[in-house]
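Visitor: I'd like to learn how to read a few features of a structure. Could you walk me through them?

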Amino acid sequence: MISNEVEMLLNDPDFKIKIVMVGSPNSGKTSLATRFAKCEFDMNKSYEHSTDTSIQLAKIDVNDKQVTTEIWDCISELGVAHEEKRRLQYLNTMAFIICVSLTDESTLEDALHYWIPEIKKYSPDTPIVLCGSKLDLVKNDSSIGTQNQNRYTTYEHMVHQAKRSKCKTYVETTCISDVTVVQLFATAIQCALGLYKDDDSSKKCSLM
Ligand SMILES: Nc1nc2c(ncn2[C@@H]2O[C@H](COP(=O)(O)OP(=O)(O)OP(=O)(O)O)[C@@H](O)[C@H]2O)c(=O)[nH]1
Ligand SMILES: [Mg+2]
């Protein structure tokens, strides 16, 4: 059920949903944002580190109303000066996505010990979605992609880590197709609008 408050927001033509993505270098932020906003992903393109925060826009339908989502893809450098820049970029964020690469355990360590604490420090009440990226590159029960590496962590362990760190939920993604990427952003948007429930009832709101 959508509250009157959310209904009013959705009726406001200037309303934008601000989603901020953070995570360590090479954790897949830019690829996910671009896949969602532009439906583009080139697996053969070599990795290019983002040297500045960028914003991509995507139009989505929430309960038959078209709303703009702003996806902020934040710089991943650590250190005081970069944290200070990000602190300002976090203002008015409605939901965070923290990216962790399923091929690189250090990105999970960084999420637990750096990114989650940074967000909790500056935006303690804003919902966080923990995202495990590059699912196609790891061995999994499902049959997505090339799966040439072993996972360093199970899905269940990641769900546990997300709960323990007070993230709203955990979603696994691969940019090789739209499905999981749409699921990630749909979840983040539901969290942003206060519509996410950790059970089937959140699916009563129609999104996309
Ligand atoms: N196979 C595969 N490769 C991916 C996926 N997502 C990202 N990559 C690759 O991983 C590398 C890093 O992805 P980016 O999206 O640039 O990572 P980032 O988090 O923006 O990195 P920084 O800008 O350095 O913070 C790129 O070479 C991507 O092509 C995925 O789902 N599957
Ligand atoms: Mg990037």
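Visitor: How many residues does helix 6 have, and what does helix 6 reach from its first C-alpha to its last?

Guide: Bear in mind that this is a predicted model. To read a helix, set its span beside the one expected at 1.5 Å a residue. Helix 6, residues 179-192, has 14 residues and reaches 20 Å, close to the 20 Å expected. After helix 6 comes Gly194, with a positive phi near 70 degrees.

Visitor: Is helix 6 enclosed, and how many of its residues are buried?

Guide: Burial is read by counting: 20 or more other C-beta atoms within 10 Å makes a residue buried. In helix 6, 11 of the 14 residues are buried, so the helix is largely enclosed by the rest of the structure. Among them are Val181, Leu184, Phe185 and Ile189.

Visitor: Now the strands. Which way do strand 2 and strand 3 run, and how many bridges join them?

Guide: Strand 2 (residues 54-62) and strand 3 (residues 65-73) run antiparallel, with nine bridges between them. As one example, Ile60 has Val67 in strand 3 as its bridge partner. The hairpin leaves two residues between the strands, and Asn63 there takes a positive phi near 45 degrees.

Visitor: Why is Glu70 partly exposed?

Guide: Glu70, which sits in strand 3, is partly exposed because it has 17 other C-beta atoms within 10 Å, and the buried class starts at 20.

Visitor: Which residues is Glu70 in contact with, beyond its neighbours within four places in sequence?

Guide: They are Lys16, Ile17, Lys18, Ile19, Ile55 and Leu57. As for Thr93, 23 residues from Glu70 along the chain, the two C-alpha atoms are separated by 9.7 Å.

Conventions:
Residues are numbered from 1 along each chain as its sequence is written. Chains are lettered from A and ligands numbered from 1 in the order in which they are written. This is a predicted model: local features need pLDDT of at least 70, side-chain atom pairs count only at pLDDT 80 or more; totals for chains, interfaces and linings use all residues. Two strands pair if DSSP finds at least two bridges between them. Helices (H or I, at least four residues) and strands (E, at least two) are DSSP runs, numbered from the N terminus. A residue is buried if 20 or more other C-beta atoms lie within 10 Å of its own, exposed if 12 or fewer, and partly exposed in between; C-beta atoms are placed from the backbone. Two residues are in contact if their C-beta atoms, placed from the backbone, lie within 7 Å. The expected span of a helix is 1.5 Å times one less than its number of residues.
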